[in-house]
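Okay, thanks for coming, everyone. I'll put the model up on the screen, and then we'll walk through some parts of it together.

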Amino acid sequence: MEAQEALNAHLVLSHKIFLLTNPDVEDIDKVRLIDEVISSIKSDFMVSLYESLAGKGVIELDQSVLDSMRKSIEDELKKFDEKIADAEENLGESEVREAHLAKSLFYIRIGDKDKALEQLKLTETKTVAVGQKMDLVFYTLQVGLFDMDFDLISKSIDKAKNLFEEGGDWERKNRLKVYEGLYCMSTRDFKKAASLFLDSISTFTTYELFTYDTFIFYTVLTSIISLDRVSLKQKVVDAPEILTVIGKIPFLSEFMNSLYDCQYKSFFTAFAGLAEQVKFDRYLQRHFRYYMREVRTVVYSQFLESYKSVTIEAMAKAFGVTIEFIDLELSRFIAAGKLHCKIDKVAGVLETNRPDAKNALYQATIKQGDFLLNRIQKLSRVIDL
């Protein structure tokens, strides 16, 4: 439990560092964040992070602090090596493994990623039980999440799935779903993230990553752009686990319910408030523009679904925005192929033209056939030469 709390503190630290380097964060908040970051670095002897942030100009480097942290690390490592040597000489295999694990966790604590991964691999060679091997994978995943190393995270998730084929308990399997969901959300696979998060709602125990409130926040956000209206009602809007905490999260309840209840003016108000939370979230910030665009696609599509034709003025009034804004918005989405309608500018009317699935499949087949014929013709010219 202590190790998990320490790692959780590191993920909190990584979020603070993200805010420090975010240009939208106020300078007065950054002053407080700098003090908190430096305090965390000192308490955990995070030499490499201290040097890295100082090199980027985020904090000022104090050589005496750096020397003190290096001396502390050296002293601690000597103690760990002595414990390992003593365990190998006088104690059993489980004590040897525990001594190696303690050294691994120390490397994680000081933020020495390479040494931590190396020591975790060494600890794995001393480990027999599948459950304990899984715990080592979770530590590796947390190391990857600290600096958003998606390659390490992806490989660790694959490794965990392979371990589950050998055995493994349901508690760890459910925890892995949350880790994989977070990875999918961070890499813009919102549909898979929503599915994994929804599967974990009633079994959530992954408090080393984030609170249950934050988990629900991610679940609702990913579900809204991934599920159809019927599934959203069944799995999210009426889900008791979500209803118990959604009111604690600013704007989220209004965001979800106004979308489902077709209260578009209220939806846009909540949407604007929620956008700030997305912008300052370490995992979602890089997808901010994409997510905002996808949400608007969902809500515009839902509105237009009810009409064969509707005036632009009526739509602007429903959303509580100007005619010019909605005209510009729809023009962009139609040009990008996100909305299936056309604008009659003279009459000020929107006419929907819902795609025919069979016709779309026919057109795609023709297009792929033309592409194949062109490739064959090019290949035949090469053969003739």
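So, to start: in which sense do strand β1 and β3 pair, and over how many bridges? Before I answer, keep in mind that what you're looking at is a predicted model. Right, the pairing: β1, residues 309–311, runs antiparallel to β3, with 3 bridges between them. If you want a spot to click on, take Val310, which sits opposite Leu350 in β3.

Now β3 has another partner too. Strand β2, residues 341–344, pairs with β3, residues 349–352, again in the antiparallel sense, and here there are 4 bridges. Cys341 has Thr352 of β3 as its bridge partner. β2 and β3 make a hairpin, with 4 residues between the two strands. In that turn you'll find Gly348, with a positive phi of about 70°.

Staying with positive phi for a moment, there are non-glycine cases to look at. One is Met148, where phi comes out near 55°. Met148 sits in the loop between α7 and α8, the latter being 150–166. Is Met148 buried or exposed? Buried, because its relative accessibility is 12%, and the cut-off for buried is under 20%.

Another is Arg188, with phi near 70°, also positive and also not a glycine. You'll find Arg188 in the loop between α9 and α10, where α10 is 190–200. Arg188 has 37% relative accessibility, so we call Arg188 partly exposed.

While we're around there, have a look at α9 itself, residues 170–186, which contains Asn174. Asn174 is at 14% relative accessibility, so this one counts as buried. And what does Asn174 touch, once you skip residues up to four places away in sequence? Ser200 and Thr203.

Okay, pockets. The largest pocket holds about 560 Å³ of space. It has 27 lining residues, and the ones closest to the centre are Ser14, Ile17, Leu49, Phe146 and Asp147. Which helices give at least two residues each to that lining? That would be α1 (2–20), α3 (47–55), α5 (93–109), α6 (113–125) and α7 (130–146). The largest share comes from α1, with 6 residues. By residue type, the lining splits into 13 nonpolar, 8 polar and 6 charged.

Then there's the second largest pocket, at about 470 Å³. This one has 20 residues in its lining, and nearest the centre are His15, Phe210, Thr214, Tyr218 and Asp281. α1 turns up here as well: α1, α11 (212–224) and α15 (264–279) each bring at least two residues to the lining of this second pocket. The breakdown is 10 nonpolar, 5 polar and 5 charged.

Let me use α15 to get us to the inside of the protein. Phe271 lies in α15. Phe271 is buried because its relative accessibility is 10%. Leaving out neighbours within four places in sequence, Phe271 is in contact with Phe255, Met292, Val295 and Arg296. For a sense of distance, pick Phe271 and Glu165: they are 106 residues apart along the chain, and their C-alpha atoms are separated by 42 Å.

Hang on to Phe255 from that contact list. As a general point, nonpolar side chains in soluble globular proteins tend to be buried together. In this model, how many residues are in the largest nonpolar core? There are 79, and Phe255 and Tyr300 are the ones with the most contacts inside that core. A second core, separate from the largest one, has 37 residues, including Leu33, Phe45, Leu101 and Ile110.

And since Tyr300 came up, here's its contact list, again without neighbours within four places in sequence. Tyr300 is in contact with Phe268, Met315, Phe319, Phe325, Ile326, Glu329, Leu330, Phe333 and Leu339. Look for Glu329 on your screen, sitting in that list alongside Phe325 and Leu330.

That's my tour. Grab the mouse if you'd like to go back to anything.

Technical notes:
Residues are numbered from 1 along each chain as its sequence is written. This is a predicted model: local features need pLDDT of at least 70, side-chain atom pairs count only at pLDDT 80 or more; totals for chains, interfaces and linings use all residues. Side-chain values use heavy atoms; hydrogens and water are left out. On a 1 Å grid over the protein atoms alone, a cavity is a set of points where a 1.4 Å probe fits but cannot get out, and a pocket is an open set with protein on both sides within 12 Å along at least five of seven lines; lining residues have an atom within 4 Å of a point. Grid points are joined across faces, edges and corners, and a volume is the space filled by probe spheres set on the points. Ala, Val, Leu, Ile, Met, Phe, Trp, Tyr, Cys and Pro count as nonpolar, Asp, Glu, Lys and Arg as charged, and the others, Gly among them, as polar. A nonpolar core is a set of buried Ala, Val, Leu, Ile, Met, Phe, Trp, Tyr and Cys residues joined through side-chain atoms within 4.5 Å. Buried means under 20% relative accessible area, exposed over 50%, partly exposed in between (1.4 Å probe, protein chains only). Contact means heavy atoms within 4.5 Å. Two strands pair if DSSP finds at least two bridges between them.
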